[in-house]
Protein chains: 2
Amino acid sequence: MIEIKNYKDMEPFVPEERPWISKRVVIGKAHGNPSFAMRIFELQPGHTSKSHRHWWEHGVYVISGSGAVKAEDGTELPLSKGDVVYIPQEEHHQVCNTGSEVLSFICVIPGNAEELD
Amino acid sequence: MIEIKNYKDMEPFVPEERPWISKRVVIGKAHGNPSFAMRIFELQPGHTSKSHRHWWEHGVYVISGSGAVKAEDGTELPLSKGDVVYIPQEEHHQVCNTGSEVLSFICVIPGNAEELD
């Protein structure tokens, strides 16, 4: 069955140790076993996501706000509304909110990634 | 390598027989073989996408505009900014722009779907 919901109506998950980032799994395990998962993150100004890498790729779309993606060598690639980011497998990355408003972005991952919930 | 681009800087593909819809494949074959593809569509007011179904699922995010998704039985599920739509495999669907502005939406599909370009 086709399902429609507004992501803002979903309760976000906010990790205790990183209260400056929230996550909503808008498409994932709850839909059976789709071959990809879609998550929507909100990152507060002045904060960053974890600096990390993993075997799966990311497809990112910036909904609002501005910031940067920091690569392994420290390069900061600027990020703003309407930008699409492709982060290949095993590529080190960190998302930074360098602006003054919340940075909201979609992040798509493969359905077999170890980070589906 | 991490790649960032704004989707509006990409030349859209506009099918000759359906000039009211444009498509930009923002993540796809050009990135090697990612396990999903991300496309951004723009549908003009008063128009619809094809009414169809296929074996692969869709993950949709509405960037701007308003409209509806029409299911097989004719039901129209309203659609607006920030809405996320999950269309399961083999589910009949059609996107309709019932508003007065362009309906822009992201559509994610599996990397092995027969519609990657």
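This note sets out, point by point, the architecture of a predicted model with two chains, A and B.

1. Confidence. The structure is a predicted model. For chain A the average pLDDT is 94, and 97% of the residues score at least 70. For the model, ipTM is 0.95 and pTM is 0.96. As a general caution, predicted coordinates should not be read in detail where pLDDT is low.

2. Composition of chain A. Chain A contains 9 strands and 0 helices. Read from the N terminus, its elements therefore follow the order β-β-β-β-β-β-β-β-β, as the reader may confirm along the chain.

3. Dimensions of chain A. A compact globule of 117 residues would have a radius of gyration near 13 Å, and the 14 Å found for chain A agrees with this. Along the principal axes, the C-alpha atoms of chain A occupy a box of roughly 45 × 30 × 30 Å.

4. Relation between the copies. A turn of 180 degrees, with a shift of 0.0 Å along the axis, lays chain B on chain A with an RMSD of 0.0 Å. The two copies are thus related as by a two-fold rotation axis. Within chain B, B:Phe36 has the C-alpha nearest this axis, at 3.4 Å from it. Both copies use the same surface, since 100% of the contact residues of chain B recur in chain A.

5. The interface. In the contact between the chains, 32 residues of chain B meet 32 residues of chain A. On the side of chain B that touches chain A, the elements giving two or more residues include strand E1 (3-6), strand E3 (36-43) and strand E9 (103-110) of chain B. The largest share of that side comes from E7(B), with 5 residues. By character, the residues of this side of chain B comprise 20 nonpolar, 6 polar and 6 charged.

6. A sheet built from both chains. An open sheet of 6 strands, with antiparallel pairing, runs in the order E1(A)-E7(B)-E4(B)-E9(B)-E3(B)-E2(B). Its edge strands are strand E1 (3-6) of chain A and E2 of chain B, each of which pairs on one side only. From one strand to the next, the twist in this sheet averages 20 degrees.

7. Pairing inside and across the chains. Within the 6-stranded sheet, E3(B) and E9(B) run antiparallel and are joined by 8 bridges. B:Phe36 has B:Pro110 in E9(B) as its bridge partner; the C-alpha of B:Phe36 is also the one in chain B nearest the axis. A pairing between the chains is found where strand E7 (residues 83-87) of chain A runs antiparallel to E1(B), with 4 bridges between them. There, A:Val84 stands opposite B:Lys5 in E1(B). In general, strands of a sheet pair through backbone hydrogen bonds, either parallel or antiparallel.

8. A sheet within chain A. Chain A also has an open sheet of 3 strands in the order E6-E5-E8, with antiparallel pairing. Strand E6 (76-80) and strand E8 (93-96) of chain A stand at its edges, each with a single partner strand, so one side of each has no neighbour in the sheet. The twist here averages 25 degrees from one strand to the next. Strand E5 (residues 66-71) of chain A is joined to E8(A) by 4 bridges, and the two run antiparallel. Across this pairing, A:Lys70 stands opposite A:Gln94 in E8(A).

Notes:
Residues are numbered from 1 along each chain as its sequence is written. Chains are lettered from A and ligands numbered from 1 in the order in which they are written. This is a predicted model: local features need pLDDT of at least 70, side-chain atom pairs count only at pLDDT 80 or more; totals for chains, interfaces and linings use all residues. Copies are superposed by least squares on the C-alpha atoms of residues with pLDDT of at least 70 in both. Two residues are in contact if their C-beta atoms, placed from the backbone, lie within 7 Å. pLDDT is the predictor's confidence in each residue, from 0 to 100. Ala, Val, Leu, Ile, Met, Phe, Trp, Tyr, Cys and Pro count as nonpolar, Asp, Glu, Lys and Arg as charged, and the others, Gly among them, as polar. Two strands pair if DSSP finds at least two bridges between them. Axes are lines fitted to C-alpha atoms, for helices over the stretch in contact, and angles run from 0 to 180 degrees between N-to-C directions. The radius of gyration is taken over C-alpha atoms; the globule rule is 2.2 Å times the number of residues to the power 0.38.
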